[in-house]
Each structure stands twice: as structure tokens, then as C-alpha cells.
There are 2 protein chains.
Amino acid sequence: MNYQQKRVILTGGLGFIGSNLAIRLVQLGARVTVVDSSRPGCGANPHNLAPIASNVRLIQADIGEAQEFRQELADCQVVFNLAGEVSHVHSMAFPERDLAINTAAQLRFLEVLRRERPGVRIVYAGTRQVYGIPRYLPVDEQHPVQPVDFNGVHKHAAATYHLMLTRLGQLDAVVLLLTNVYGPRMALRIPCQGVLSTFFRRALLKQDLEVYGGEQLRDPVYVDDAVEAFLLAGAADHLPSRTYNVGGPEGIPLREIAKVIAEAAGLRIVKRPFPSERKQIDIGSYVTDSRRLCRELGWSAQVPFATGVRRTLEWFRAEIRHYLDPARPTVCGMPEHAGKRRRLALIPA
Amino acid sequence: MNYQQKRVILTGGLGFIGSNLAIRLVQLGARVTVVDSSRPGCGANPHNLAPIASNVRLIQADIGEAQEFRQELADCQVVFNLAGEVSHVHSMAFPERDLAINTAAQLRFLEVLRRERPGVRIVYAGTRQVYGIPRYLPVDEQHPVQPVDFNGVHKHAAATYHLMLTRLGQLDAVVLLLTNVYGPRMALRIPCQGVLSTFFRRALLKQDLEVYGGEQLRDPVYVDDAVEAFLLAGAADHLPSRTYNVGGPEGIPLREIAKVIAEAAGLRIVKRPFPSERKQIDIGSYVTDSRRLCRELGWSAQVPFATGVRRTLEWFRAEIRHYLDPARPTVCGMPEHAGKRRRLALIPA
């Protein structure tokens, strides 16, 4: 896995996973160009790239305007495609916004990429949300696609673009389907980024953790492990498959996840009734079968959950002012979003 | 299956399958409101509804502007959702147009529908193209989704909207995945509507039939049989499944399909090399496994191919001036499309 002097394009590189990947790539000697629109609500944080600010090139652009940076695309050797909106809850309130960001912009990006740099390796950050409510556990790549929210539909369409264009010989794509990723640089200030983001935010603000349900299994993956999956997929000479699940080392009940975080932060857990707009798109228990990625690309989840939680809290404590403002509470509903607020039409009359 | 006095909304009702369905619904006593944008290139033909012109209400609107006819939606009992662009070839030349028509407009339509008429039965006209190159024959509903063109990606996303909103209890949807449908009212004037449309056009213009390849199996379904599938899906009290394949009574090599049509029209077959932009998105042999639809909803394909061909040619001979203009040849590339022609970027440099 040699990234020395490799010309890498990284979309969404100001975001949580993207910035961790950018830092690692720079450490490995790659020449990294980050493309990020800094669209409100999508998790970009300029501070994320502080450790490599002078070693990375930043293009502030939406990937849908790829014409603007087509020279850079024509010249690149690998693309890591992480731009997007990750919130399932936001997608239900603003489905057209989610379609524009997660599907239409991807289409325009790939249209330019396949013309400027046909056949290039591209690793797309997909989501396990496409599988919806699991029919069996752990969920492997054969599981039917049956999303329960617009984000899942739109991210699936974008993943399908990548695979379709690969079938046509115009791209050389790998789709990673990520489970709950956590770690340093999570977008804690942005609401509705998933349960782990909420838990860490509360823990860092010294608020007791609220748990809905609690029996549901999740298998959180530490961001360094997720980054390793991207690096392997971006560099593999031989790809037996095009889609790989990326999950954590263990399936843990949500109650236990909350407990580990609460205890590490010296806090308590409070059980709450499930809010209806979340219950609607909750998928119950989810555990990933990542064996294909282990077998075919030699990956494995290295960081146990308790270790990852400790590292995450330590990291954020030193950086807290860049990630949370106790004076400005984070409330779901995208207060930072400039667009018109549409009626939340989740529940039939 | 009682449609007497039922208030039905039919999107794409000026098109090929939609108009045949509208006529049948009126015969069954339904109160039919057709919504159609008459967008150039999408197959609308006002003459299609000539037999029921005084018995049907026509709303000339894009389904993406569903706010304009939300009263009608609020009041309806069944929706047949057939609006869309069907051309795989066009979707590769104009992918953003295809996304706008087949996904974004559907999203806006369903957003209004789920709010105005939550829980309504809706039957969506999907395509077997979502399966891509078959891994096995005949193709059943368990087959992986792996489209080879943008039309397949976008129609799949729209189908997924329907199923996702049904999972959330906001719609009561059935997705029909149709194979090659043929019969009276095909959009013969519009280019790139599939091989059967091309064969019938040439046959009616007394031009010899051109065959690319010829060994590929197809299972054409006569439009009356397809219409029957819509009627059954729209009226079924009990739906064991939400997705049904709809295929013809037999798998036939393309060469044989051409021969049957050519002989019925007194013409010959000419073998031609496969044009590269079609070879790219050709799926090889395809035969549908429709047994789920037969078993669960009591459907069966009634019309043998030779019979359907005879009926189709007879019908068109009497109506030819409404469907073909020998003085204006039909050439692929959407001459009727008002939008900017974009570079056909199918083949990597």
C-alpha cells in the first residue's frame, strides 16, 4: 500500500472521516487535494485539517461543479469520494436537499470524472443504511437493499452510479458500506449525525446520556479502522469484489454503548421514550459482517470500543472549543441550514 | 377486481402503456384522471386517448408539480404511476435529464401524495433493466440489482422510494418490473424506445429489419397482458409481496422476434454489427420469471408473441398517420428534445 507521492483527490475532506483520511494520506507521503463545499449541515470543519494545513491543497467547491476543478481530476491517481450529507433524520425532513447533495451532485461529479480521468480508482463512502431493517445478522453484502429513509435511497443511487460506470469500464470503483463510525473530528456541533455523535456531544458537555430503546445492537467502528479500509480499497491491485461492508469489532447493545461512554465521562444514563420521527426510521439491531473485506483486502477492525471511546474523549477534551459551543445548544432540525424549512411529514394523518 | 366508479389517477396516461391502461379502466367503469406533461421525447401522444377522449379528465402537468393537482390526489382511490422516460440510450446521453424525470419528479410527486393521500395504493411501472446483465435465467425478484445504464439507476431509485414509503406506512405501493412491452399505441415516432419499437416502426414503414447480434433472448409481453398486471396490482386486497416481475409467455431469440415481425409484414431481416453505444448497455439474454405474480395475484401472460405481433401490425396500419411520418425519419439522439445536446461520453478514451 504505497501512497508516496500519489496524487489523491479527496471529496468531503473537511468532514469527519474525510479529514482523518487526509491526515493519514499526508503522513504516508501522498499529495492530497481536498474538495469540500463547506455546505452548512454537512459536517465540514476547517479546523479538522489543522495538523496538515500547509501540506494539503483545498478546493472550496461543490462536487457538482466538478467542471471547475477538472484539471485536478484529469491529473489524479486515486479519488476518495466522501462528500455528502449523512443525516437520516435530515433526509426525511428535506428529501429534495438530500437528493441534490447525495445523488445529483454525485452524478455531475462522476460525469466529469469519467470523461477527464476514465478508469480511475475511486473509493465511495456508502452507508449500511441501504440495507434497512436487517433480515438476518450479521449483515453481509448479499443482504437485500431496502432502505427506510431518503438518505438510504439517495446514497444507494450514488453507489449504484459508481458500480454501473465500473461495469461500463469508465471507472474503477469500490463502494464501502460503513456502519456507525466514531472518533476524533466527529461533527459534534451538527445535529442528527447519528447516535454516537449525540452521545459524545452530551458526554463532552457533561450532560447525562439519553437512550431510546437500548437493546438494539450496533457495531461502532473507530475512525482509524475506517480510514484503513479506505486506504486498502484505494491501493488494492486486485479487487475480487466491488462492494465491501466495514463494521466494528463487536456488536454491542446501545445501552452498553451509552454506558461505556457515560462511565468514561463520569456521567449517568437516562432512558427516554423513542421519539416517533426516529422510531420510524430506526432499523432495530444491526451488526456488520465485514469478513469479505478481511478476506479479500486483509483488513481488520483493530480498536476495541472501550479503547476508541477513551481516545475520542481525550482528543476532544483538548480540542473542544473547535467542536462545541456550550452557549449554542445543538438542536435537531438544521438550525444552520439556510434553505426553507419544509413541513416534517413523517407521520400519516 | 372492481374498478366501477373508482377514482383513479394515472400518471403518464398519454403514453403507450398508460393510455392502454386508461382505456381499459374506463371500460371497467373507473373515473380516470390522466396526468401527463407531454414532455418531448417521453412518448405522450394525445391521439392515444382518442377512444375515451370524452370519458377521461386530462391534467397537463409534470408529476413534479403535483402541488398543482393536489386536490385530485387527495380525492383519489388508486394511483397508477407510469410517468417517465423509458429510453436507456437517451439516459446515457442525457443522464441529468433522466435523473430529473425519473427520480426527482417522482420524489416531488410522492412527497405531495403521501401528505395529501397517506396510505393510498399506488402501482409503479418499473423496469427489468434494474437487474442488468442476468446472473441466471429466468430472472426472479431475488436477482441482484445491478443496472448497466442511468435509466436503470434512476428508475430503481424511484421504485425504492415507493417501497421505502410503504415500509413507513405512508403509501401502499406495488412495483411492477416490466420486460419489453409491445402493442398498439407504442411510441413509434420516438427514437431509442427499445428494440421492439424499432422493429415495428421499420415494419410499418416497409423497411427491412436490422438485427444486432440475434441470439439474445427476450420475452416480449403484449400490452393487454401488462395492463392486466396493473389492474390486478391496483385492486388486490392482499399483497404478499411488493415487487413483481412482469414478463412475456416465452423467451425468444431476437433473430426469431425479428423474423416473426418481418414475415407478418412481408419483409426481410438484415444482420448488422452491434453499434458500440448499444453494445455497452446491452444485457445479453433476458427472460423473466413471473411466477410470483401468477401465484400471488393470479396473473398470466395470455397473448402468444405471434398473435400479439399480428394484432399490433393490424392496429397500427389503421392508425399509422398518428404514429409515423415517413417524411420525417426517426433518428436516435432525441431530435425533438429542446434541451442542450451534451457530448455522448460512453466510451472511455
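Q: Hi! Before we look at helix 6 of chain B, what counts as a helix or a strand here?
A: Helices (H or I, at least four residues) and strands (E, at least two) are runs assigned by DSSP, and they are numbered from the N terminus. This is a predicted model, where local features need pLDDT of at least 70, side-chain atom pairs count only at pLDDT 80 or more, and totals for chains, interfaces and linings use all residues. Residues are numbered from 1 along each chain as its sequence is written, while chains are lettered from A and ligands numbered from 1 in the order in which they are written.

Q: Thanks! What happens just after helix 6 of chain B?
A: There, B:K206 takes a positive phi of about 60°.

Q: And why is helix 6 of chain B largely enclosed?
A: Nine of its ten residues (195-204) are buried, so the rest of the structure largely encloses helix 6 of chain B. Buried means 20 or more other C-beta atoms within 10 Å of a residue's own, with C-beta atoms placed from the backbone; exposed means 12 or fewer, and partly exposed is in between.

Q: What covers those buried residues?
A: The cover includes strand 7 (181-182), strand 8 (209-212), helix 8 (254-265) and helix 11 (305-319) of chain B.

Q: New topic: how many residues of chain B are in contact with chain A?
A: 29 residues of chain B are in contact with 29 of chain A. Contact means that the two C-beta atoms, placed from the backbone, lie within 7 Å.

Q: Which elements give two or more residues to that side of chain B?
A: Those are helix 4 (95-116) and helix 5 (150-167) of chain B.
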